[in-house]
Amino acid sequence: VILLTNQLKMGKGFGNLAYVRNQIWFTLSPYEQRPFAKAIKTGLPNTLRRITEEAPYVLPPLLLGYAIYSWTTSEAHRRSRKEYQAIHGGGH
């Protein structure tokens, strides 16, 4: 806050607080840009390659987690039936 008020007192506004030397800016017109120039030709194969490279690291934990989840839900449903609770003495 002190720096900003001191700079404003010297007559400089925001954006003109410093003078930068030896800096070159290169810009390209929005009409000259091609954002999807090679998206299908190179982007899609690259995406598929990256997915196939990462699959061995990602899929086993996901499949194990799904197997555990499906087993626990089916076991919970099985144990909540009347027949199971009558045999094993569960319930109220």
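The following questions and answers set computed values for this predicted model against the definitions behind them.

The model is predicted, so local features need pLDDT of at least 70 and side-chain atom pairs count only at pLDDT 80 or more, while totals for chains, interfaces and linings use all residues. Residues are numbered from 1 along each chain as its sequence is written, and side-chain values use heavy atoms, with hydrogens and water left out.

Q: What makes the pattern of the protein chain α-α-α?
A: The protein chain has 3 helices and 0 strands. Helices are DSSP runs of H or I with at least four residues, strands are runs of E with at least two, and both are numbered from the N terminus. Read along the sequence, the result is the pattern α-α-α.

Q: How do you know that H2 falls short of the span of a straight helix?
A: The expected span of a helix is 1.5 Å times one less than its number of residues. H2 has 41 residues, and a straight helix would reach 60 Å, but the end C-alpha atoms of H2 are only 53 Å apart.

Q: Where in H2 does a kink lie, and what is its angle?
A: The kink lies at Ala 55, shortly before the proline Pro 56, and comes to about 55 degrees. The bend at a residue is the angle between axes fitted to the seven residues ending there and the seven starting there.

Q: Why is Glu 75 called buried?
A: Buried means under 20% relative accessible area, exposed means over 50%, and partly exposed lies in between, with a 1.4 Å probe and protein chains only. Glu 75 has a relative accessible area of 15%, and therefore counts as buried. Glu 75 is found in helix H2. Of the 92 residues of the protein chain, 3% count as buried.

Q: What makes the pair of Glu 75 and Arg 78 a salt bridge?
A: A salt bridge is a side-chain nitrogen of Lys or Arg within 4 Å of a carboxyl oxygen of Asp or Glu. The side chains of Glu 75 and Arg 78 meet at 2.5 Å, N to O, and the pair qualifies as a salt bridge. Both residues lie in helix H2, 3 residues apart, about one turn of the helix. Arg 78 is partly exposed because its relative accessibility is 35%.

Q: Which residues are joined with Glu 75 into one network?
A: Glu 75 also forms a salt bridge with Arg 79, the closest N and O atoms being 3.0 Å apart. Salt bridges that share partners thus join Glu 75, Arg 78 and Arg 79 into one network. Glu 75 and Arg 79 are 4 residues apart in helix H2, about one turn of the helix. Arg 79 has 44% relative accessibility and so counts as partly exposed.

Q: How do you know that Glu 53 forms a salt bridge with Arg 49?
A: The closest N and O atoms of Glu 53 and Arg 49 are 3.0 Å apart, and the pair counts as a salt bridge. The two residues lie 4 residues apart in helix H2, about one turn of the helix. Glu 53 is partly exposed because its relative accessible area is 43%, and Arg 49 is partly exposed because its relative accessibility is 41%. The structure holds 3 salt bridges.

Q: What does the side chain of Ser 70 reach?
A: The side chain of Ser 70 reaches the backbone oxygen of Ala 67 at 3.1 Å. A polar contact is a pair of N or O atoms within 3.5 Å; within protein, one must be able to donate a hydrogen and the other to accept it, and residues adjacent in sequence count only if both atoms are side-chain atoms. Ser 70 lies in helix H2 and is partly exposed because its relative accessible area is 30%.

Q: Why is Leu 59 called partly exposed?
A: Leu 59 has 43% relative accessibility and so counts as partly exposed. Leu 59 lies in helix H2, which covers residues 39-79.

Q: Why is Asn 22 called exposed?
A: Asn 22 counts as exposed because its relative accessibility is 79%. Asn 22 is found in the loop between helix H1 (2-9) and H2, and has a positive phi of about 60 degrees although it is not a glycine.
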